[in-house]
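Trainee: Could you take me closely through one part of this model, and then follow its connections outward into the rest of the chain? I would like one connected account rather than a list.

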Amino acid sequence: MTAIPSYILSGFLGSGKTTLLINILRYCKEKNLKPAIILNELGSVNVESHLFENEQVFELLDGCICCTIQDDLKKTLMNVVKQHEKGPVDILLIEGTGVANPLELVETMSSPSLLRYFDLQAVISLIDANTYVDNQSIFTSKTIRNLLESQVKGATTIVLNKVDLATDKQLAKVETKLAKYTLEGTMVLKASYGKVDISILLEKRISSAVLDNKTCKCNNTHEHEKSCSHHHEHHIGIKTMTIQNVPSFTKKQLSHWLKSLPEGIIRAKGYVKLEQKQGLYHFQYSSNQINVSDQPQNGVIDPCIVLIGQDLDTANIPEVYGT
């Protein structure tokens with residue numbers, strides 16, 4: 001079964017995510033693509049469900065898929081896989097709530113149990129050109145301000161929407177603000193009513209590589225190019241790497257290896273064997289903090305490590321040494 005090309009739609013409340021989603025669906029219809037849609041709402045009812053009556057929709061209600069109902073997202077993704085097995089899904093569109101952090105969604109999509117089923121193409125964040133700068137002042141909560149920043153930093157493509165409502169002075173301020181947060185190479189598309197060139201919007205802008213542990217830390221350019229898969233597409237900073245054939249660790253060895261990773265690593269997660277213990281243990285690493293589960297995980301066959309970061313280069317990833 002081929003992996004499903006997948007896209008994350010992010011953006012603050014009222015930025016125009018649903019309007020853009022409808023435009024993408026119109027494009028899919030023109031190209032005879034069969035989409036699946038995951039719609040996430042904080043409330044118990046999706047008041048816009050009527051807009052997608054003829055579409056294959058999976059609803060996630062009563063919470064945000066990047067935090068409180070993340071496990072529900074994983075279950076829903078597996079339901080999409082089951083549907084894909086019955087009748088091919090050509091494209092998956094995930095619309096998060098207005099308070100979803102796209103980096104959390106990238107982390108979920110990069111889970112070892114999901115990697116074989118989904119090929120994450122891009123993270124598309126919408127910015128309301130008319131209100132973005134004002135929101136920086138209106139919302140004094142550090143949590144909201146960090147979220148607004150994360151929705152820009154976590155994007156591979158930004159749609160600067162509602163430019164028709166903004167003055168030239170407002171647009172200049174927004175563009176200056178965005179320039180502080182966007183990664184180099186991030187595409188910025190200006191739009192009104194979410195109208196952009198959808199073929200450009202859907203270009204693959206995230207690269208994913210699955211590597212054998214022995215290919216990490218290559219010693220010369222020729223070996224590096226031969227053993228590691230490189231994609232010369234329109235990729236920017238955010239990349240994912242999955243390292244397989246990982247040896248067993250002590251917790252101290254795991255900690256030492258994680259802290260030896262390059263600065264560009266945003267998150268690391270995976271399943272590892274721990275010395276003198278049975279089964280595989282889930283771990284997460286971010287902000288220099290490591291969390292290892294107390295109990296072994298069921299249904300996991302092989303140990304692996306997933307890295308999410310900016311401008312990841314296999315040559316800079318140290319080989320994993322364990323016991």
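Mentor: In this predicted model, E10 and E11 make a hairpin with six residues between them, and within that turn Gln 276 has a positive phi of about 65°. The two strands run antiparallel and are joined by seven bridges, one pairing being that of Tyr 271 with His 282 in E11. Strand E11, which covers residues 280–286, is mostly covered, since five of its seven residues are buried. E11 also pairs with strand E12 (residues 289–292), again in the antiparallel sense, over four bridges, and here Tyr 285 has Ile 290 in E12 as its bridge partner. For reading such strands it helps to recall that in a regular strand the side chains alternate between the two faces of the sheet.

From the hairpin, a salt bridge leads to a helix. Lys 269 forms a salt bridge with Glu 107, the closest N and O atoms being 3.6 Å apart. Lys 269 belongs to strand E10 (residues 265–273) and Glu 107 to helix H3, so that the pair links distant parts of the chain, 162 residues apart. Both Glu 107 and Lys 269 are buried.

Helix H3 spans residues 102–109 and also holds Thr 108, which counts as buried because its relative accessible area is 0%, where the cut-off is under 20%. Beyond residues up to four places away in sequence, Thr 108 touches Gln 70, Leu 73, Lys 74 and Leu 114. Met 109, with its neighbours within four places in sequence left aside, is in contact with Ser 6, Ile 8, Leu 77, Ile 94, Leu 114, Leu 115, Phe 118 and Leu 120.

Met 109 brings us to the nonpolar interior. The largest nonpolar core has 24 residues, and those touching the most other members are Ile 8, Ile 38, Leu 77, Val 80, Leu 92, Met 109 and Phe 118. At least two residues of this core come from each of several elements, among them strand E1 (4–11), helix H2 (70–86), H3 and strand E5 (118–128). The element that gives the most to this core is H2, with four residues. There is also a second, separate core of 23 residues, whose members include Leu 9, Leu 20, Leu 25 and Ile 198.

The structure holds five salt bridges, and two others can be set beside the one at the hairpin. In one of them the side chains of Asp 128 and Lys 162 meet at 3.5 Å, N to O. Asp 128 is in strand E5, whereas Lys 162 is in the loop between strand E6 (157–161) and helix H6 (168–181), and this pair links distant parts of the chain, 34 residues apart. Asp 128 is buried, with a relative accessible area of 10%, while Lys 162 counts as partly exposed because its relative accessibility is 23%.

In the other, the side chains of Glu 175 and Lys 190 meet at 2.8 Å, N to O. Because Glu 175 lies in helix H6 and Lys 190 in strand E7 (residues 187–190), the pair ties together parts that are 15 residues apart in sequence. Glu 175 counts as partly exposed at 34% relative accessibility, and Lys 190 is likewise partly exposed, with a relative accessible area of 49%.

How values were computed:
Residues numbered from 1 in each chain as written. Predicted model: local features only at pLDDT ≥ 70, side-chain atom pairs only at ≥ 80, totals over all residues. Heavy atoms only, no water. Buried < 20%, exposed > 50% of the residue type's maximum accessible area, 1.4 Å probe, protein only. Contact = heavy atoms within 4.5 Å. Core = buried A, V, L, I, M, F, W, Y, C linked by side-chain atoms within 4.5 Å. Salt bridge = Lys/Arg side-chain N within 4 Å of Asp/Glu carboxyl O. Pairing = 2+ DSSP bridges.
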